[in-house]
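Biologist: I would like a close look at a single part of this model, taken slowly enough for a first-year student to follow. Could you pick one place and explain how its pieces are arranged?

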There are 2 protein chains.
Amino acid sequence: MLSKLVASCFISLAIAQAQQQPRIVSPEVHSDRRVTFRLRAPNAKEVMVSGQVTPKPAPLTKDEQGVWSVTLGPLEPDLYGYTFRVDGLSTSDPSNPFLQTGIRGYSSAVIIKGDTPTAWDARSVPHGAVHRHHYDSKVVGDLRAFTVYTPPQYDAMSNTRYPVFYLLHGSGDDDTTWVDFGRANFILDNLIADSKAKPMIVVMPYGQMVPPADQSRTGRINERFEQDLLTEVLPRVEKLYKVDTSADKRAIVGLSMGGGQSLWTGLNNLDRFAWVGGFSSSTRQVNGEERIEKALADPKAVNKRAKLLWIAIGKEDTLLKGNDEFAAWLKTQGITHTYQVTEGAHNWRVWRRYLAELTPQLFR
Amino acid sequence: MLSKLVASCFISLAIAQAQQQPRIVSPEVHSDRRVTFRLRAPNAKEVMVSGQVTPKPAPLTKDEQGVWSVTLGPLEPDLYGYTFRVDGLSTSDPSNPFLQTGIRGYSSAVIIKGDTPTAWDARSVPHGAVHRHHYDSKVVGDLRAFTVYTPPQYDAMSNTRYPVFYLLHGSGDDDTTWVDFGRANFILDNLIADSKAKPMIVVMPYGQMVPPADQSRTGRINERFEQDLLTEVLPRVEKLYKVDTSADKRAIVGLSMGGGQSLWTGLNNLDRFAWVGGFSSSTRQVNGEERIEKALADPKAVNKRAKLLWIAIGKEDTLLKGNDEFAAWLKTQGITHTYQVTEGAHNWRVWRRYLAELTPQLFR
């Protein structure tokens with residue numbers, strides 16, 4: 001299923017078109033980790049490729065059939081996003097079915113494999129399952145969903161109970177993004193197979209708060225997220241799955257907007273979540289917030305309850321300053337925490353690595 | 001979550017671009033069921049929209065900001081696919097996150113709502129859950145997945161057992177397409193809420209057979225699919241879920257390539273599947289096949305075992321002739337069956353309706 005087969009009846013004009021003309025292969029990943037991008041655009045004057053595959057937009061050149069191409073790299077083994085720009089038009093790669101989708105847009109993606117598997121490669125190890133549950137949220141007033149990973153060992157009919165890791169997405173994502181693009185299921189499969197992480201359930205709630213008119217009021221959005229998680233999602237999870245409901249067996253971690261939500265919800269509810277983390281977090285959701293300051297006012301009590309407070313961000317991330325400030329404030333307050341400033345920017349190349357690094361530390 | 005919110009950090013150049021310029025809304029569905037499509041392409045000479053939204057490609061016109069637009073309709077309430085053509089370039093709509101994805105390409109999609117909900121609308125009724133399981137197939141030799149719908153009533157910890165409906169996708173799809181684009185989960189939710197269908201489990205296996213070199217040998221592909229379903233998927237389903245394992249409580253139905261597979265697998269295994277159907281089926285997978293002729297050689301026995309043989313296809317479908325032939329052959333043989341030639345062509349507008357029409361007939 002990872003190989004892309006010839007489809008005889010796929011209903012799309014893009015495909016009908018491709019069937020009439022020689023099929024384009026794009027991206028083509030070479031054995032030396034270079035990658036060739038191609039686009040059929042016979043009438044274009046300029047085609048560029050941009051994204052994580054190139055430090056700056058790279059021009060393609062046109063052949064006599066009207067197909068533009070460029071070869072980049074060699075690139076480090078990783079999963080990269082990219083887009084094309086055709087004269088004034090931004091577009092994803094019509095020849096490539098592998099996409100990063102989101103609530104507002106989408107872009108193309110490519111995997112560069114190395115000699116050894118990455119943390120997020122689908123290896124031949126026992127695989128957990130991924131579940132999606134829709135619910136009508138009384139808190140938010142809409143139809144929402146949450147996604148759940150159960151480990152390979154999980155058996156709904158046995159009495160073994162598992163710790164639960166609440167894992168939150170960013171502001172362009174939905175509850176499926178951590179699996180579909182973050183490859184959280186494969187990361188967990190691999191860590192569990194290698195005995196690096198405890199078998200655990202991962203719950204990925206939907207973090208967008210409606211109505212949009214309220215988006216400007218950070219505190220209120222955080223509180224609505226917190227309320228939806230605690231009163232709608234958490235009880236459903238604990239009814240549907242065999243989970244350990246003690247605080248020591250609950251973690252909450254998110255990325256970007258979800259990092260702000262996980263720090264807010266976790267630090268304000270340490271009696272429920274003993275493990276708290278933020279990846280490239282939107283710290284304006286917590287910096288200077290009165291409820292956070294009150295919740296952390298007694299550092300001795302906080303340090304006793306919190307098993308881990310783990311914060312990480314890339315050097316090139318525009319949210320670095322806010323994370324520096326939050327980490328400095330935690331230090332001033334005497335709150336035990338880990339603060340890592342790593343290579344990288346505000347994207348999934350960093351977040352997959354953070355998940356692979358943090359998960360082994362949980363529930364120890 | 002059905003409304004698309006403003007995303008502040010979505011990592012895509014297409015979006016960064018949109019943030020610098022006034023944001024385009026496309027598609028914009030009006031209250032009178034007309035729909036406006038828009039695309040920013042300041043340097044293009046010609047932009048067309050094609051697909052199910054228009055009988056023939058419709059030209060867009062450019063405004064002074066370089067944004068092209070056209071308003072079509074009013075359209076019947078439905079879920080439609082469409083693509084743009086910009087000079088020589090085929091592209092989906094970069095402003096619209098709702099996509100039909102597949103193993104080889106993708107296109108844009110739009111929902112036109114009517115005054116009353118369609119069979120596939122997400123209504124405020126109890127929702128079932130959707131599960132995805134990866135497995136290493138010994139039969140095919142690759143990592144594959146199957147998707148499972150459990151009805152709202154389903155409780156893994158109770159002893160109630162449910163009938164199972166095996167529902168197969170087409171040649172451009174994967175195991176997620178019946179849910180993501182076919183909206184099988186919402187169709188089942190609605191039918192069950194309205195007491196029109198029995199609560200049932202729906203299993204959506206992955207139907208692509210590798211290696212591609214073998215694609216030309218129809219019989220062998222069918223047999224490999226049959227073997228993977230019967231020896232890899234079915235035992236896993238019956239281990240993981242509370243299912244009734246009698247033939248009278250098993251159905252198999254598919255669309256297009258999957259219709260060929262469901263007719264092949266179902267009719268060759270009536271001792272396992274008493275309910276068999278094909279939507280817009282690729283009948284070259286069964287017409288004149290020796291094993292099918294043998295399996296159906298005793299019409300009395302077949303008519304006793306098969307509770308339903310349901311075949312449907314649209315008038316405008318290029319596979320009509322093969323379906324006519326197969327239905328005529330069944331008639332000659334004295335095999336009881338339902339053959340419906342309906343409005344429509346080879347696309348999801350037809351398949352969602354067939355699912356809503358067939359499912360109430362199962363397991364009666």
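Modeller: Let us take a pair of helices in chain B of this predicted model, where the crossing of α3(B) and α9(B) is right-handed. Helix α3 covers residues 184–193 of chain B and helix α9 covers residues 348–358 of chain B, and the two pack at an angle of about 30 degrees with their axes 10 Å apart. Because of that angle, α3(B) is roughly parallel to α9(B), given that angles under 35 degrees count as roughly parallel. These are the usual terms for such a pair, since two packed helices are described by the angle between their axes and the distance between the axes.

If you now look at the side of α3(B) that touches its partner, you will find A184(B), I187(B), L188(B) and L191(B), and these meet R352(B), L355(B) and A356(B) in α9(B). Sorted by character, the residues of this contact between α3(B) and α9(B) divide into six nonpolar, no polar and one charged.

For a setting built from strands, turn to strand β10 of chain B, which spans residues 106–112. Six of its seven residues are buried, so β10(B) is largely enclosed by the rest of the structure. Strand β7 of chain B, residues 78–86, is joined to β10(B) by five bridges, and the two strands run antiparallel; within this pairing, L79(B) stands opposite I111(B). Strand β9 of chain B, residues 99–101, is joined to β10(B) by three bridges, and this pairing is antiparallel as well, with Q100(B) having S107(B) as its bridge partner.

β9(B) and β10(B) also form a hairpin, with four residues between them. In the loop between these two strands lies R104(B), a residue that is worth pausing on. R104(B) has a relative accessible area of 6%, and it counts as buried because the cut-off for that word is under 20%. The C-alpha atom of R104(B) is separated by 39 Å from that of A297(B), a residue 193 residues apart from it along the chain.

Finally, chain A offers another sheet to study, an open one in which four strands follow the order β1-β2-β6-β5 with antiparallel pairing. Its edge strands are β1 (28–29) and β5 (61–62) of chain A, each of which pairs on one side only. Two bridges join β1(A) to strand β2 of chain A, residues 35–40, and in that pairing V29(A) has V35(A) as its bridge partner.

Definitions and conventions: Residues are numbered from 1 along each chain as its sequence is written. Chains are lettered from A and ligands numbered from 1 in the order in which they are written. This is a predicted model: local features need pLDDT of at least 70, side-chain atom pairs count only at pLDDT 80 or more; totals for chains, interfaces and linings use all residues. Side-chain values use heavy atoms; hydrogens and water are left out. Two strands pair if DSSP finds at least two bridges between them. Axes are lines fitted to C-alpha atoms, for helices over the stretch in contact, and angles run from 0 to 180 degrees between N-to-C directions. Angles under 35 degrees count as roughly parallel, over 145 as roughly antiparallel, 65 to 115 as roughly perpendicular and the rest as oblique. A crossing is left-handed if the near helix is turned anticlockwise from the far one by less than a right angle, and right-handed if clockwise. Contact means heavy atoms within 4.5 Å. Ala, Val, Leu, Ile, Met, Phe, Trp, Tyr, Cys and Pro count as nonpolar, Asp, Glu, Lys and Arg as charged, and the others, Gly among them, as polar. Buried means under 20% relative accessible area, exposed over 50%, partly exposed in between (1.4 Å probe, protein chains only).
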